[in-house]
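Me: I would like a close look at one part of this model, the surroundings of the ligand. Please follow it out into the rest of the chain afterwards. Keep it brisk.

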Amino acid sequence: MKLRVLTGITTTGTPHLGNYVGAIRPAIAASLEPDVQSFFFLADYHALIKCDDPDRIERSRLEIAATWLAAGLDPHRVAFYRQSDIPETPELTWLLTCVTAKGLMNRAHAYKAATDVNEAAGEETDAGVTMGLFSYPILMAADILLFNAHRVPVGRDQVQHIEMARDIAQRFNHLFGQGHDLFVLPQAEVEESVATLPGLDGRKMSKSYDNTIPLFEGGPKALQAAVARIVTDSRLPGEPKDAEGTPLVTIHDAFATPAQRAAFRTALQAGLGWGEAKQQLVALVESQVGPMRERYAELMAHPERIEEVLEAGARKARAVAQPFLASLRRAVGLRPMLAAPPSFRSVESTAKAALPSFKQYREDDGRFFFKLAAADGRLLLQSRGLGDGREAGGWVKRLKTEGAAVLDLAPVALAEGVDRAAVEAALAALVAAQD
Ligand code: TRP
């Protein structure tokens, strides 16, 4: 499997510079690496947790989709979709909810922050807390695990959620994997240098602190106005400034080359005034953001183009999600009802029944056939009629010992509705059982 990179962005608010630096830019860069398969989505189900204003939800989804595309995301290279277009996500959320300890969710930062506020205010602990907020990390785990993502680029505030996704995945693997991991354990990826961009006041740039710098909104004027509000000390032009760690320098760092970073520090040390330094920052950011802003305006004028891109993205994502969710349903026991389900058989036969099996038979017309059934009895492969019983037996033997390598040579066809990956997995299980 190629390395899979996945990230979501909650569709509330209007994207700011912190979203760009912390999430969008690193994710797009990662999608350009060779040998990665990227999944980027609008976390609009997550948005519903925080926002009950339908018009804002609608507007924000559009703005954020346009932002990612304008920032250079290539929808042909990646799967770019809306979370709410993937019905497998809420379905998996439930399967995961059933194995997630409530105590784990009690420790989630977003929930704890809400209860802390309530307790400090003398309110009931859970006042105003919805089940959506409480189980937020499970929905997020489903987003990630559904695509077996290896790497998840996120801001530092999201690292705990990825760890929870790992915990939940491990528990699910343990309960239902029968020795094979169903889920990849995802890894958070925080871009160390600029993991969370500071806002105007030095705290994390966040809409809730009202300290953001807009990315596109308001044009260069709004950028200029926001940068003018970045807090600095009162040292005057001409005074040397050790600006290490100040918001101005940290934001500058996020857009500068190493040489530009060094030059900026040297200039401040040599007495560059804050006003002049801010002008340099505006010019630097605008040189990168300006061309994107033009593409953004063009896209916002054509929402139907964005809709088309997202629908195509959902088809791409569901091609992965649908067969995988089907296998997870089987793993937990949501299986077609068959004459003799494995769990009703004796203990000894259960061990055998856990493997797929071949069956050979002869039709009335004298021709020989064989077929492969999954462990749960579902038909996977059907042979053509063969004139010779030994030939049929020979193919069965080769498929059992050589597996998917002979799949294209053998006189067989996939059963209807069965995907090739499922057949390959079944053959792999048989090959493994030979040793
Ligand atoms: N909770 C994330 C945020 O607020 C967004 C998100 C939802 C996400 N699902 C995800 C991020 C899956 C990474 C992977 O930033």
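Which helix and which strands each supply at least two residues of the shell around the ligand?

Reply: A word on the source first. The model is predicted, so local features need pLDDT of at least 70 and side-chain atom pairs pLDDT 80 or more, while totals for chains, interfaces and linings use all residues. Residues are numbered from 1 along each chain as its sequence is written, and side-chain values use heavy atoms, without hydrogens or water.

Now the shell. Two strands and one helix each give it at least two residues: β1 (3-10), β2 (36-43) and α8 (136-145). Helices (H or I, at least four residues) and strands (E, at least two) are DSSP runs, numbered from the N terminus. The ligand has 14 residues around it, counted when a heavy atom lies within 4 Å. Thr10, His46, Tyr136, Asp143 and Gln158 come nearest. By class, eight of the shell residues are nonpolar, five are polar and one is charged. Ala, Val, Leu, Ile, Met, Phe, Trp, Tyr, Cys and Pro count as nonpolar, Asp, Glu, Lys and Arg as charged, the others, Gly among them, as polar.

Next, the nitrogen atoms of the ligand. One lies 2.6 Å from an N or O atom in the side chain of tyrosine 136. For aspartate 143, the distance from a side-chain N or O atom to a ligand nitrogen is 2.7 Å. Glutamine 158 places a polar side-chain atom 3.0 Å from a ligand nitrogen. How much of the ligand does the protein cover? On its own, the ligand exposes 370 Å², and the protein buries 90% of that (Shrake-Rupley areas, 1.4 Å probe; for residues, only the protein chains shown count as cover).

Helix α2 (residues 44-50) is the next stop, with aspartate 44 in it. Aspartate 44 has 3% relative accessibility, so it counts as buried. Buried means under 20% relative accessible area, exposed over 50%, partly exposed in between (1.4 Å probe, protein chains only). The side chain of aspartate 44 meets the side chain of arginine 61 in a polar contact of 2.6 Å. Such a contact is a pair of N or O atoms within 3.5 Å; within protein, one must be able to donate a hydrogen and the other to accept it, and residues adjacent in sequence count only if both atoms are side-chain atoms.

Now the rings. The whole structure holds 13 aromatic pairs. One of these joins phenylalanine 216 and tyrosine 296: the ring centres are 4.7 Å apart and the planes meet at 35 degrees, so the pair is tilted. Rings of Phe, Tyr and Trp (its six-membered ring) pair if their centres lie within 6.5 Å; planes under 30 degrees apart are stacked, over 60 edge-to-face, the rest tilted. Phenylalanine 216 sits in the loop between β5 (187-189) and α10 (219-228), and tyrosine 296 in helix α13 (residues 274-300), so the pair ties together parts that are 80 residues apart in sequence. Phenylalanine 216 and tyrosine 296 are both buried. Elsewhere, ring pairs connect Phe39, Phe41, Tyr81 and Phe147 as a cluster.

Helix α13 also carries valine 282. With 9% relative accessibility, valine 282 is classed as buried. From valine 282 to arginine 4 the C-alpha distance is 35 Å, with their positions 278 residues apart along the chain.

Two loop residues call for a check of the backbone. Most residues other than glycine have a negative phi. Glutamine 178 is not a glycine, yet its phi is positive, about 50 degrees. Glutamine 178 belongs to the loop between α9 (159-176) and β5, and is exposed, at 67% relative accessible area. Aspartate 210 likewise has a positive phi, near 55 degrees. Its loop runs between β5 and α10, and aspartate 210 is exposed at 61% relative accessibility.

Aspartate 376 is in another loop, between β7 (368-373) and β8 (379-383). It is buried, with 9% relative accessibility. Aspartate 376 and alanine 222 are 61 Å apart, C-alpha to C-alpha, and 154 residues apart in sequence.

Last, the whole chain. The protein chain has 435 residues, and 44% of them are buried. Its secondary structure consists of 17 helices and nine strands. Along the principal axes, the C-alpha atoms fill a box of roughly 100 × 50 × 40 Å.
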